[in-house]
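Okay, everyone, thanks for coming. I'll put the structure up and then we can walk through it together.

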Amino acid sequence: MILNEAHEALRTVVRNVPADGWELRTPCAEWNVTQVLQHAAGDQIGYAAFITGGPMPSENPFAPSGTLSEAAEVVAEQAMKASADAWATVSPDAQEVPVPVPPNTMTYTLGIGACALDAAVHAWDIAMATGQPSPLTPAMARELLDIAKQHIEPLRAYGVYAAELSREDGDDDVAVLLRYLGRDPRWTA
């Protein structure tokens, strides 16, 4: 399932951030690695909260403080567990699942895909910032691109995603996804 793959990507890159890597700049120009993790964790908690009615993130995912209250792996694991547990309560046939992104309800397939997209792209952000290999596979990128094309455009108006970048000769599936999300697949720290 795409959410499991995305969570494993995020888990792996967080586990492999070097001790001195948490303040490094990221493809999210205004945030360092810690802030991207806080944002990604907050988004996962947001999905869980909308589904279950449970608590929202303790801080605004779009204004991350850069200070973790617990170890990074704990922050990531707790958020991913909350998200996975919440999605496990939803029928795959559900047509209207509450989600924290406009229009605030999606089908199960689109909603869980949007949640996975968020975790996967931020795993990529962290990996690039800390010199790790991309956690995105071509198969994952193809599936996430289909999901992204169904819900990203309205979010661009809120600044959630940058404008789509033009494709270039030689782009593979991962590069196509990243460019669609407004990220330069050749970004380096």
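So, to start: how many of the 20 residues of α2 are buried? The answer is 17, so that helix is mostly covered. Keep in mind as we go that this is a predicted model.

Let's stay with α2 for a moment. It runs over residues 33–52, and at 1.5 Å a residue its 20 residues should span 28 Å. The end C-alpha atoms are 29 Å apart, which agrees. Have a look at the two ends as well. At the N-terminal end, Asn 32 acts as a cap, with a side-chain oxygen 3.0 Å from the backbone nitrogen of Thr 34. Just past the other end, Gly 53 has a positive phi, about 80°.

Now, the annotation. UniProt has an unreviewed entry here, and that entry lists residues 4–127 as "domain: Mycothiol-dependent maleylpyruvate isomerase metal-binding". In the model, that span is 56% helix and 3% strand, and its end C-alpha atoms lie 18 Å apart.

Next, some backbone oddities. Which two residues are joined by a cis peptide bond? Those are Pro 102 and Pro 103, with omega at about 10°. Pro 103 sits in the loop between β1, residues 97–98, and β2, residues 105–106. Asn 104 is in the loop between β1 and β2 too, and its phi is near 75°, a positive value in a residue other than glycine. As a reminder, most residues other than glycine have a negative phi, and most peptide bonds are trans. As for its surroundings, Asn 104 is partly exposed, at 34% relative accessible area.

On to charges. The count of salt bridges comes to nine, and I'll pick out some of them. Let's begin with Arg 11. This arginine pairs with Glu 8, with the closest N and O atoms 2.8 Å apart. Those two are three residues apart in helix α1, residues 2–15, so about one helical turn separates them. Arg 11 also meets the side chain of Glu 77 in a salt bridge, 2.5 Å from N to O. Glu 77 lies in helix α3, residues 72–88, and Arg 11 in α1, so this pair ties together parts that are 66 residues apart in sequence. Both partners of Arg 11 are partly exposed: Glu 8 has a relative accessible area of 36%, and Glu 77 has 31%.

Then there's Arg 183 with Asp 125, where the closest N and O atoms are 2.8 Å apart. Arg 183 is in the segment after α6 and Asp 125 is in helix α4, residues 108–129, so here the parts tied together are 58 residues apart in sequence. Buried or exposed, this pair? Arg 183 and Asp 125 are both buried.

There's a salt-bridge network to show you as well, and that one links Glu 168, Asp 171, Arg 179 and Arg 186.

Last stop, the surface. Which residues form a nonpolar patch there? They are Phe 62, Tyr 158 and Val 160, and together they have about 330 Å² of accessible area. Tyr 158 is in the loop between α5, residues 138–156, and α6, residues 173–180. With a relative accessible area of 62%, Tyr 158 counts as exposed, because the cut-off for that is over 50%.

That's my tour, so over to you for questions.

Definitions and conventions:
Residues are numbered from 1 along each chain as its sequence is written. This is a predicted model: local features need pLDDT of at least 70, side-chain atom pairs count only at pLDDT 80 or more; totals for chains, interfaces and linings use all residues. Side-chain values use heavy atoms; hydrogens and water are left out. UniProt positions are given in the numbering used here, feature names are shortened, and annotations may be inferred rather than shown by experiment. Helices (H or I, at least four residues) and strands (E, at least two) are DSSP runs, numbered from the N terminus. Patches are made of residues with over 30% relative accessible area and no salt bridge: like charges are joined within 9 Å, nonpolar side chains (Val, Leu, Ile, Met, Phe, Trp, Tyr) within 5 Å. Accessible areas come from the Shrake-Rupley method with a 1.4 Å probe; for residues, only the protein chains shown count as cover. A salt bridge is a side-chain nitrogen of Lys or Arg within 4 Å of a carboxyl oxygen of Asp or Glu. Buried means under 20% relative accessible area, exposed over 50%, partly exposed in between (1.4 Å probe, protein chains only). The expected span of a helix is 1.5 Å times one less than its number of residues. A polar contact is a pair of N or O atoms within 3.5 Å; within protein, one must be able to donate a hydrogen and the other to accept it, and residues adjacent in sequence count only if both atoms are side-chain atoms.
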